[in-house]
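Reader: I've just opened this one and I'm not sure how to read it. Could you walk me through a few features?

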Amino acid sequence: QAATAGRRRSRSRQTAGQMPPAPVVATECANAYVCPLDAAKLVALRHIVEGLRQESGGQKSALVFKPRRWRFHAERPTWKSDIRWISAADEQTFRGLFEPLFAKLGIASLFSFLGDMALFSGFFVTRGHTRKTHFHTDFGDTGSRCFTLMTPLYDMADLRDCHLLCQVPTDGEAAACAPAADAPAADVPAACPLADAPVACTVAAAAVAAAASV
């Protein structure tokens with residue numbers, strides 16, 4: 001399966017206890033949010049992922065989408081897994097694909113309550129299966145000013161694995177980051193996975209302990 005992932009930075013911190021505006025929904029986990037997206041805006045990305053080919057004469061990690069001459073680098077893990085992180089290999093690909101996508105999806109506007117948003121990098125994350133869950137942080141010590149966004153390119157609602165999970169805080173931790181008391185119950189998911197809708201994006205602070213299956 002495939003997903004787009006972007007890391008973006010907020011230049012001003014969210015006000016403590018502030019609830020996000022609709023359609024963004026806060027989860028049980030501190031600094032983790034979900035939001036529906038227009039699936040029609042993601043269809044073209046599926047064709048890009050499915051159309052990636054190894055670059056002629058290049059290294060195994062070098063991929064190309066020939067119709068647009070976009071070049072990518074595929075990073076593989078050191079552990080046994082078919083997961084790949086596919087990022088732009090040059091400025092032309094980043095400027096031509098990921099930056100316009102960031103603007104088209106309206107991410108900066110949707111999450112403006114977290115501060116001014118800017119895209120720093122974009123990825124496709126692909127994998128065919130999972131074996132177990134691995135909780136981790138992308139990177140720490142960001143002061144909740146750097147976020148990772150992930151959204152599926154396909155309807156994954158019926159899959160038992162490959163979903164994004166996060167650790168639910170303890171009672172003491174939850175009290176410090178609980179949603180407003182008047183928030184509708186339906187707006188506060190009772191469990192993680194963070195995104196179990198067919199096409200929904202998840203934004204979480206990079207320091208949140210999230211799980212990617214391995």
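**Starting from one serine**

Author: Let's begin with a single residue. Leaving aside its neighbours within four places in sequence, Ser-87 is in contact with Arg-71, Phe-72, His-73, Gly-122 and Phe-123. Keep in mind that this is a predicted model.

Reader: Where does Ser-87 sit, and is Ser-87 buried or exposed?

Author: You'll find Ser-87 in strand 7, which spans residues 84-88. The relative accessible area of Ser-87 is 13%, so this residue counts as buried.

Reader: How about the whole protein: how many helices and strands does the protein have?

Author: There are four helices and 13 strands. The protein has 214 residues, and buried ones make up 42% of them. If you take contacts between residues at least 6 apart in sequence, 75% join residues at least 24 apart. As for the outside, the protein exposes about 11,400 Å², with carbon and sulfur atoms supplying 51% of it.

Reader: Let's try a strand. How should I read its two sides?

Author: The general idea is that side chains in a regular strand alternate between the two faces of the sheet. Now look at strand 5, residues 62-65: Ala-62 and Val-64 are on one side, Leu-63 and Phe-65 are on the other, and all of them are buried. Both faces of strand 5 are therefore covered.

Reader: Which strands is strand 5 joined to?

Author: Two bridges join strand 5 to strand 4 (residues 53-54), and the two run antiparallel. Four bridges join strand 5 to strand 6 (residues 70-75), also running antiparallel. Leu-63 is a handy marker here: Leu-63 is the bridge partner of Gln-54 and also stands opposite Phe-72 in strand 6.

Reader: What do strand 5 and strand 6 form?

Author: They form a hairpin, with four residues between the strands. In the turn, Arg-69 has a positive phi of about 55 degrees.

Reader: And a helix? Which residues of helix 1 are buried?

Author: Helix 1 covers residues 43-50, and Leu-45, Ile-48 and Val-49 are buried there. These three cover an arc of only 95 degrees around the axis, which puts them on the same side of helix 1.

Reader: Now for charges. How do I read a salt bridge?

Author: Here's the general idea: side chains of opposite charge can pair when their charged atoms come close. A search of the whole structure finds four salt bridges. One of them is between the side chains of Glu-55 and Arg-71, at 3.2 Å from N to O. This pair links distant parts of the chain, 16 residues apart: Glu-55 is in the loop between strand 4 and strand 5, while Arg-71 is in strand 6.

Reader: Which residues are linked with Arg-71 in a network of salt bridges?

Author: Glu-55 and Asp-90 are linked with Arg-71 in that network. The side chains of Asp-90 and Arg-71 meet at 3.5 Å, N to O. Again the pair links distant parts of the chain, 19 residues apart, with Asp-90 in the loop between strand 7 and helix 2. Each member is partly exposed: Glu-55 has a relative accessible area of 22%, Arg-71 has 31% and Asp-90 has 23%.

Reader: What does Glu-91 form a salt bridge with?

Author: Its partner is Arg-95, with the closest N and O atoms 3.3 Å apart. Glu-91 and Arg-95 are four residues apart in helix 2, so about one helical turn separates them. Glu-91 is exposed, at 54% relative accessible area, whereas Arg-95 is partly exposed, at 44%.

Conventions:
Residues are numbered from 1 along each chain as its sequence is written. This is a predicted model: local features need pLDDT of at least 70, side-chain atom pairs count only at pLDDT 80 or more; totals for chains, interfaces and linings use all residues. Side-chain values use heavy atoms; hydrogens and water are left out. Buried means under 20% relative accessible area, exposed over 50%, partly exposed in between (1.4 Å probe, protein chains only). Two strands pair if DSSP finds at least two bridges between them. The arc is that of the directions from the helix axis to the C-beta atoms. Contact means heavy atoms within 4.5 Å. Accessible areas come from the Shrake-Rupley method with a 1.4 Å probe; for residues, only the protein chains shown count as cover.
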